[in-house]
Amino acid sequence: MELADGLRAVTLEPADAQAVADVVRASEERDGGIAERTVQDTQTIWSRPSFLLAREAIGVRAGDELVGYGSIPWPGLADVHVAPAHRDRGVGAALLRWSEAAARAAGWSSVGQSNHEQGAAALALLRGAGYEQTRTSWILEIVLEERPAAPVLPDGYALRSFVPGADERVAYEVIRDAFAEWEEHVDAYEDWEAETVQRVGFVPEQLVLAFRGQDVVGALVLADDDE
């Protein structure tokens with residue numbers, strides 16, 4: 001990777017998860033006004049059996065400080081961020097080229113990157129490199145100022161919490177089928193397991209199943225982050 005003087009590319013270790021989360025959060029806050037990524041998110045992505053940290057992620061340091069992060073965590077998707085104080089030094093462009101090379105090495109036919117629409121510099125870099133917008137997405141949020149009312153279900157439907165050792169496969173299958181339209185969001189079971197029921201801090205109440213008779217017809221997964 002070609003970088004300006006004072007910058008160097010580095011292989012990341014599991015102990016770098018907090019530093020990576022800090023870079024990503026600072027980047028998100030600058031571009032979108034809100035930091036969403038947590039260290040638990042980073043640890044969860046890295047814990048997926050299909051993800052090889054030494055091959056599918058890279059960092060950029062200025063001295064001892066981590067100032068850039070790139071990875072290809074899911075087929076067809078790159079995750080690239082640069083600390084705001086170190087932008088305009090070519091770090092983003094270098095990580096873009098790295099992500100494309102890594103995607104080709106993985107055998108992918110294309111690669112994309114999610115960006116906030118306010119992130120003008122990143123969008124200009126991507127568009128200048130020939131990237132095109134493929135979709136728009138929203139993250140919806142509600143402030144729960146008081147305890148919500150109990151859910152009202154149609155006749156014949158019921159909810160219950162996940163039972164460890166019994167419900168993993170059926171929960172995975174209903175979520176897999178619900179997102180089958182978007183292939184890049186369909187994980188292998190082992191990856192899904194690492195992202196949900198093996199996530200740091202997970203408790204059974206954070207996965208709720210919906211039944212119609214004996215059939216599982218829906219699932220809800222909550223993630224409880226410290227940040």
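Here's a quick tour of two nonpolar cores and one helix in this structure. It's a predicted model, where local features need pLDDT of at least 70, side-chain atom pairs count only at pLDDT 80 or more, and totals for chains, interfaces and linings use all residues. Residues are numbered from 1 along each chain as its sequence is written, and side-chain values use heavy atoms, with hydrogens and water left out.

**The cores**
- A nonpolar core here is a set of buried Ala, Val, Leu, Ile, Met, Phe, Trp, Tyr and Cys residues joined through side-chain atoms within 4.5 Å; buried means under 20% relative accessible area, using a 1.4 Å probe and protein chains only.
- The largest core has 19 residues, and Leu7, Val60, Val67, Val91 and Leu95 touch the most other members.
- At least two residues each come from strand 2 (57-62), strand 3 (65-74), strand 4 (77-82) and helix 4 (91-105); these are DSSP runs numbered from the N terminus, with helices being H or I of at least four residues and strands E of at least two.
- Helix 4 gives the largest share, 6 residues.
- There's also a second, separate core of 15 residues, including Val10, Leu12, Leu53 and Tyr69.

**Helix 1**
- With 16 residues (17-32) at 1.5 Å a residue, helix 1 should span 22 Å, and its end C-alpha atoms are indeed 22 Å apart; the expected span is 1.5 Å times one less than the number of residues.
- Its buried residues are Ala17, Val20, Ala21, Val23, Val24, Ser27, Glu28 and Asp31.
- Right after helix 1 comes glycine 33, with a positive phi near 85 degrees.

Note on methods. Buried means under 20% relative accessible area, exposed over 50%, partly exposed in between (1.4 Å probe, protein chains only).
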